[in-house]
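Got a model open and not sure how to read its contacts? Let's go through a few features together.

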Amino acid sequence: MLVYWVSVVSAIAVAWWVTGQGFGLLTRFDIPFVPALILTTLTFELLTYVMHRLLHEVPWLWRIHRVHHSDIEVDFSTT
């Protein structure tokens, strides 16, 4: 859980910084921060899901990823 929340907070911080610098895709549109954050989060989650599906479906990616599923004890390294 800690790794997940650190990545979420980091993504929000980077998004805020990028917006302040005036670059990034969403700065081209006049979208308030909260809806942009929601849109970004949903996009991130979708891409994460697609990547995880690819890790299971593509044979050479599965050979790397199956180590994650073979861990007997769930801890930091499992993530």
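What follows is a short tutorial dialogue on a predicted model.

Q: Let's start with charges. How many salt bridges does the count come to here?
A: The idea is to look for a side-chain nitrogen of Lys or Arg within 4 Å of a carboxyl oxygen of Asp or Glu. In this model the count comes to one salt bridge. Its partners are Glu57 and Arg53, with 2.8 Å from N to O.

Q: Where do Glu57 and Arg53 lie?
A: Both sit in helix 2, which covers residues 33-57. They are four residues apart, about one turn of the helix.

Q: Are the two partners buried or exposed?
A: Buried means under 20% relative accessible area and exposed means over 50%, with partly exposed in between. Glu57 has 51%, so it counts as exposed. Arg53 has 37%, so it falls in the partly exposed class.

Q: Now the helices. At what angle do helix 2 and helix 3 pack?
A: Take the angle between the two axes, then put it in a class. Helix 2 and helix 3 (residues 59-70) pack at about 105°, and their axes are 6 Å apart. Angles of 65 to 115 degrees count as roughly perpendicular, so helix 2 is roughly perpendicular to helix 3.

Q: Which residues make that contact?
A: From helix 2 you get His52, Leu54, Leu55, His56 and Glu57. Helix 3 brings in Pro59, Leu61, Trp62, His65 and His69. Sorted by type, the residues of this contact are five nonpolar, four polar and one charged.

Q: Leu54 is on that list. Is Leu54 buried or exposed?
A: Neither, as it turns out: Leu54, found in helix 2, counts as partly exposed at 39% relative accessibility.

Q: What about rings: how many aromatic pairs does the count come to?
A: You check the distance between ring centres and then the angle between the planes. Here the count comes to one aromatic pair. Trp17 and Phe23 form it, at 5.6 Å centre to centre with 85° between the planes. Planes over 60 degrees apart count as edge-to-face, so this pair is edge-to-face. As for exposure, Phe23 is partly exposed at 42% relative accessibility.

Q: Last topic: sequence separation against distance in space. How far apart are Arg28 and Trp60?
A: Put the two separations side by side for a few pairs. Arg28 lies in the loop between helix 1 (2-21) and helix 2, and it is exposed at 70% relative accessibility. Arg28 and Trp60 are 32 residues apart in sequence and 38 Å apart in space, C-alpha to C-alpha. For Leu54 and Ile31, the values are 23 residues and 32 Å. Arg53 and Ser10 are 43 residues apart in sequence, with 24 Å between their C-alpha atoms.

Note on methods: Residues numbered from 1 in each chain as written. Predicted model: local features only at pLDDT ≥ 70, side-chain atom pairs only at ≥ 80, totals over all residues. Heavy atoms only, no water. Helix = DSSP H or I, 4+ residues; strand = E, 2+ residues; numbered from the N terminus. Buried < 20%, exposed > 50% of the residue type's maximum accessible area, 1.4 Å probe, protein only. Axes fitted to C-alpha atoms, helices over the stretch in contact; angles between N-to-C directions. Parallel < 35°, antiparallel > 145°, perpendicular 65-115°, else oblique. Contact = heavy atoms within 4.5 Å. Nonpolar A, V, L, I, M, F, W, Y, C, P; charged D, E, K, R; others polar. Phe/Tyr/Trp six-rings, centres within 6.5 Å; stacked < 30°, edge-to-face > 60°.
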